Amino acid sequence: MTTTTVPVRPPLADRLRLRLWELRFAAAMEDYPRREGRQIRADLRVALRDDAARVGTRAALREVGPPRRLAARYFAELDRPRPRWSTGALVGTLLGVGLPLYLALAWSFGALDALEAVGGGTAELTWLGSPVTATSTDGSVVLAWTVGWQAVAVAAVLAAVGFVLGARVWRLWAGGPAA
């Protein structure tokens with residue numbers, strides 16, 4: 001007679017807890033060199049699941065510690081600091097898209113308020129070289145924008161500066177161990 005052992009599947013709450021920890025660790029390791037980072041995550045996943053089956057999920061996660069702290073230890077072992085491309089992309093998007101959009105909306109509402117303050121009418125304006133037609137009457141408010149190359153150039157420059165600063169691109173040329 002042969003017996004086979006069927007691995008016990010952890011409860012849903014523990015599986016979700018493990019998966020959430022893995023996702024947070026993957027997010028913290030996003031800018032780690034891709035191939036090595038993938039291998040670390042795979043090895044850690046196997047070790048975590050084994051430990052969870054042996055000592056319980058909470059104890060296994062407590063033993064490993066917070067994902068960001070563990071990721072910081074892996075980053076500290078690199079031969080030199082690496083750029084944070086995802087952070088650069090986020091900062092570049094916020095500065096290149098979010099900031100000009102916010103400023104354009106604020107400027108538009110200010111133009112409409114000014115028109116309303118003088119009794120309404122239509123005004124031909126420009127914002128960063130882009131023609132804008134603002135109309136405010138008793139029954140309607142209309143803004144007509146045409147985006148010019150100057151506004152696109154300002155947004156591109158802001159996005160590039162945000163990307164460089166957010167990613168810390170100068171780390172490509174930095175020497176010495178990672179900080």
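Visitor: Is Arg 84 buried, exposed or partly exposed?
Guide: In this predicted model, Arg 84 is partly exposed, because its relative accessible area is 22% and the cut-off for buried is under 20%.

Visitor: Where does Arg 84 sit along the chain?
Guide: Arg 84 is found in the loop between H4 and H5.

Visitor: And what does Arg 84 touch there?
Guide: Leaving aside neighbours within four places in sequence, Arg 84 is in contact with Ala 28, Asp 31, Phe 75, Gly 166, Ala 167, Arg 168 and Arg 171. With one of these, Asp 31, the side chain of Arg 84 meets in a salt bridge, at 3.1 Å from N to O.

Visitor: Why does the pair of Asp 31 and Arg 84 tie together parts that are apart in sequence?
Guide: Asp 31 lies in the loop between H1 and H2, while Arg 84 lies in the loop between H4 and helix H5 (85-117), so the pair ties together parts that are 53 residues apart in sequence. Asp 31 itself is buried, with a relative accessible area of 9%.

Visitor: What about Arg 171, which was on that contact list for Arg 84; where is Arg 171?
Guide: Arg 171 lies in the segment after helix H6, which covers residues 149-167.

Visitor: Which side chain of opposite charge is nearest to Arg 171, and how far away?
Guide: The nearest one belongs to Asp 31, but it is 7.7 Å away, and Arg 171 is buried yet has no salt bridge. In general, side chains of opposite charge can pair when their charged atoms come close. For Arg 171, a salt bridge would need a separation within 4 Å, and the 7.7 Å to Asp 31 is over that cut-off, so the two do not form one.

Visitor: So what is around the side chain of Arg 171?
Guide: A polar atom of the Arg 171 side chain lies 3.0 Å from the backbone oxygen of Arg 82. Not counting residues up to four places away in sequence, Arg 171 touches Arg 80, Pro 81, Arg 82, Pro 83 and Arg 84.

Visitor: Switching to helices, how many residues has H1, and how far does it reach?
Guide: Helix H1, residues 12-28, has 17 residues and reaches 24 Å from its first C-alpha to its last, which is close to the 24 Å expected at 1.5 Å a residue.

Visitor: Which residues of H1 are buried?
Guide: The buried residues of H1 are Asp 14, Leu 18, Trp 21, Glu 22, Phe 25 and Ala 28. Seen down the helix axis, these residues fall within an arc of 120°, so they line one face of H1. The face turned away from that buried side carries the exposed residues Leu 12 and Leu 16.

Visitor: And what do the buried residues of H1 pack against?
Guide: They pack against three helices, namely helix H2 (34-55), helix H3 (57-64) and helix H4 (67-76). Turning to H4, its buried residues are Pro 67, Leu 70, Ala 71 and Phe 75. These cover an arc of only 145° around the axis, which puts them on the same side of H4. What covers the buried residues of H4 includes H1, H2 and H3.

Visitor: Glu 22 was among the buried residues of H1; which residue does it form a salt bridge with inside that helix?
Guide: Glu 22 forms a salt bridge with Arg 19, with the closest N and O atoms 3.4 Å apart. Being three residues apart in helix H1, Glu 22 and Arg 19 are separated by about one helical turn. Glu 22 is buried at a relative accessible area of 9%, whereas Arg 19 is partly exposed at 41%.

Visitor: Which residue of helix H2 does Glu 22 pair with?
Guide: The side chains of Glu 22 and Arg 45 meet in a salt bridge at 3.6 Å, N to O. That pair links distant parts of the chain, with Glu 22 in helix H1 and Arg 45 in helix H2, 23 residues apart. Arg 19, Glu 22, Arg 45 and Arg 49 are linked in a network of salt bridges.

Visitor: How many salt bridges does the structure hold?
Guide: The structure holds six salt bridges.

Visitor: Last topic, backbone angles: what is the phi of Leu 128?
Guide: Phi of Leu 128 is near 55°, a positive value in a residue other than glycine. Most residues other than glycine have a negative phi. Leu 128 lies in the loop between strand E1 (121-127) and strand E2 (130-136). Arg 168, in the segment after H6, has a positive phi of about 55° although it is not a glycine.

How values were computed:
Residues are numbered from 1 along each chain as its sequence is written. This is a predicted model: local features need pLDDT of at least 70, side-chain atom pairs count only at pLDDT 80 or more; totals for chains, interfaces and linings use all residues. Side-chain values use heavy atoms; hydrogens and water are left out. Helices (H or I, at least four residues) and strands (E, at least two) are DSSP runs, numbered from the N terminus. The expected span of a helix is 1.5 Å times one less than its number of residues. Buried means under 20% relative accessible area, exposed over 50%, partly exposed in between (1.4 Å probe, protein chains only). The arc is that of the directions from the helix axis to the C-beta atoms. Contact means heavy atoms within 4.5 Å. Lys and Arg count as positive and Asp and Glu as negative; His and the chain ends are not counted. A polar contact is a pair of N or O atoms within 3.5 Å; within protein, one must be able to donate a hydrogen and the other to accept it, and residues adjacent in sequence count only if both atoms are side-chain atoms.
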